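Subject: Structure handover

Hello,

Here is the structure I promised you. Please open it and keep it in view while you read my notes below.

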Amino acid sequence: MAVTEVAQSRRVVTEIPGPKSRELQERRVAAVAKGVGSVLPVYVTRAGGGIVEDVDGNALIDFGSGIAVTNVGNADPRVVERSAEQLGRFTHTCFMVNPYEAYVDVCEALNRITPGDHEKRSILLNSGAEAVENAVKIARSATGRQAVVVFDHAYHGRTNLTMGLTAKNMPYKQGFGPFAGEIHRMPMAYAYRWPTGPENCGPEAAAMVIDQITKQIGADNVAAVVIEPIQGEGGFIEPAPGFLPAVVEFCRANGIVFVADEVQTGFARTGQMFACEHEGIVPDLITTAKGIAGGLPLAAVTGRAELMDAVHGGGLGGTYGGNPTACAAALASLEAIESDDLVGRAREIGDLMLGRLRKLAEEHPVIGDVRGRGAMIAIELVKEDKTPDAEALGKVLSYCHSQGLILLSAGTYGNVIRMLPPLVIGDDLLNEGLDILAEAFARL
Ligand SMILES: *Cc1c(COP(=O)(O)O)cnc(C)c1O
């Protein structure tokens with residue numbers, strides 16, 4: 001099961017994408033539905049650490065982790081070994097037909113590592129969207145209420161219910177309606193764009209949300225408030241200080257289930273095991289996916305035993321949810337996160353990136369804001385009057401891509417560059433990636 005080590009250095013030997021990737025892209029266009037996009041169509045052969053290798057022999061620096069998934073790195077040997085061992089024993093029984101230990105192990109681990117000392121239960125699913133859908137089902141069933149509160153700039157997935165919960169129309173929702181009812185959208189505590197200034201943002205936004213819930217929905221009708229403790233696709237928006245604690249307190253006082261969607265922020269990504277911990281928030285339910293299993297598809301809802309167990313027998317489940325191979329990968333990945341102290345490593349990555357990006361922002365006024373925590377860092381590009389500058393973002397990204405740096409965008413206005421390196425990337429690759437980014441701004 002020996003995995004050849006991927007050399008940890010960038011190598012650009014063709015145009016990017018190279019000729020072999022372009023050939024594959026032609027086949028893809030003829031075979032794959034157009035609605036599925038790719039940020040950078042280089043076709044991958046191998047990846048590990050902070051490097052992704054392509055069919056043309058290029059080695060790219062990875063600032064994306066497949067959207068915050070390969071926190072422990074691609075093909076981590078422990079993940080590979082444990083999932084291969086499981087694959088060799090059995091591939092599927094369906095937990096709802098015949099259970100197996102690895103599913104229980106993963107639930108025990110999630111109950112242990114998620115915030116709060118209360119008694120918890122978990123359920124395993126296949127995708128982040130499915131986890132969010134199930135959290136809403138559980139909250140509605142447990143409270144006997146229907147309304148769900150979500151926020152501006154939120155992203156919760158692409159299924160019908162989660163499209164409704166997601167804020168941004170294009171590309172996620174356009175033409176796909178009608179969406180589910182009883183979804184109510186509230187202002188987000190977006191400090192950088194708060195009209196009365198960042199220092200007022202947390203308390204003012206919380207007051208607006210509480211007022212709107214009380215006056216427009218009625219707190220007694222609200223089953224759940226669903227929020228990302230740092231918004232992902234919406235542009236790495238950290239709720240202004242004080243906002244989350246005030247919303248949680250209001251939920252507690254009114255019997256509303258507080259759901260933290262940690263699908264993107266979970267598993268050491270932000271320099272805590274979960275981003276809620278930055279403000280000492282203990283969610284009633286927490287949804288996880290992306291970083292959970294070192295790249296294999298797995299998701300979960302974890303939460304208070306009395307809520308989770310309120311659903312009638314047979315009310316939750318799914319054919320593949322908690323697939324044994326994905327569970328084996330999750331167990332190896334969680335062990336790697338803990339034994340390699342990837343929480344600590346995420347903080348180091350954050351310090352390095354924030355330090356360099358803040359300097360870069362002083363030199364380039366187009367960088368209006370530098371924000372994020374741990375290895376979840378973003379810069380927001382703006383024109384002189386602070387209006388979003390998506391055009392500058394396009395230029396920066398295409399230069400970085402041409403130099404072999406995998407870099408993603410985000411944001412409601414498409415003007416945020418987000419950085420999500422694997423937590424096992426070395427400082428030299430991080431610095432080299434940031435050098436390329438700096439050069440991109442110098443060329444603007
Ligand atoms: C990615 C994401 C989802 C959806 O996860 P999928 O696995 O793509 O269904 C939900 N919530 C958040 C916060 C996400 O970042």
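Start with two helices: α12 passes α13 in a right-handed crossing. Keep in mind that this is a predicted model.

**The helix pair**

Two packed helices are described by the angle between their axes and the distance between the axes. Here, α12 and α13 pack at an angle of about 135°, and their axes are 9 Å apart. Angles over 145 degrees would count as roughly antiparallel, and 65 to 115 as roughly perpendicular. The pair fits neither class, so α12 and α13 are oblique to each other.

Which residues of α12 and α13 make the contact? From α12 come Val396, Tyr399 and Cys400. From α13 come Ile436, Leu437, Glu439, Ala440, Phe441 and Arg443. By class, this contact has seven nonpolar residues, two charged residues and no polar ones.

**The sheet with α13**

Strands of a sheet pair through backbone hydrogen bonds, either parallel or antiparallel. One open sheet here has four strands, in the order β1-β2-β3-β13, and its pairing is mixed. Its edges are β1 (44–48) and β13 (405–406). Each has a single partner strand, so one side of each is left without a neighbour in the sheet.

Look at β1 next to β2 (residues 51–54). The two pair in the antiparallel sense over four bridges. Gly48 stands opposite Ile51 in β2.

Now find α13 (residues 427–443) again. This helix lies across β2, β3 (59–62) and β13. It runs at about 95° to β3.

**The sheet with α11 and α12**

Another open sheet also has four strands, in the order β11-β12-β15-β14. The pairing is antiparallel. At its edges stand β11 (367–373) and β14 (408–410). Each of them has a single partner strand, so one side of each lacks a neighbour in the sheet. From one strand to the next, the twist averages 30°.

How many bridges join β14 and β15? Three: β14 pairs with β15 (residues 416–419) in the antiparallel sense. Ser409 has Ile417 in β15 as its bridge partner.

Two helices pack here. Helix α11 (residues 342–363) lies across β11, β12 (376–381) and β15. It runs at about 170° to β11. Helix α12 (residues 390–402) touches β12, β14 and β15. Its direction makes about 35° with that of β15.

**Putting it together**

Helix α12 packs on one sheet. Helix α13 lies across strands of the other. These two helices also pack with each other.

Best wishes

Definitions and conventions. Residues numbered from 1 in each chain as written. Predicted model: local features only at pLDDT ≥ 70, side-chain atom pairs only at ≥ 80, totals over all residues. Heavy atoms only, no water. Pairing = 2+ DSSP bridges. Contact = heavy atoms within 4.5 Å. Axes fitted to C-alpha atoms, helices over the stretch in contact; angles between N-to-C directions. Parallel < 35°, antiparallel > 145°, perpendicular 65-115°, else oblique. Left-handed = near helix turned anticlockwise from the far one by under 90°. Nonpolar A, V, L, I, M, F, W, Y, C, P; charged D, E, K, R; others polar.
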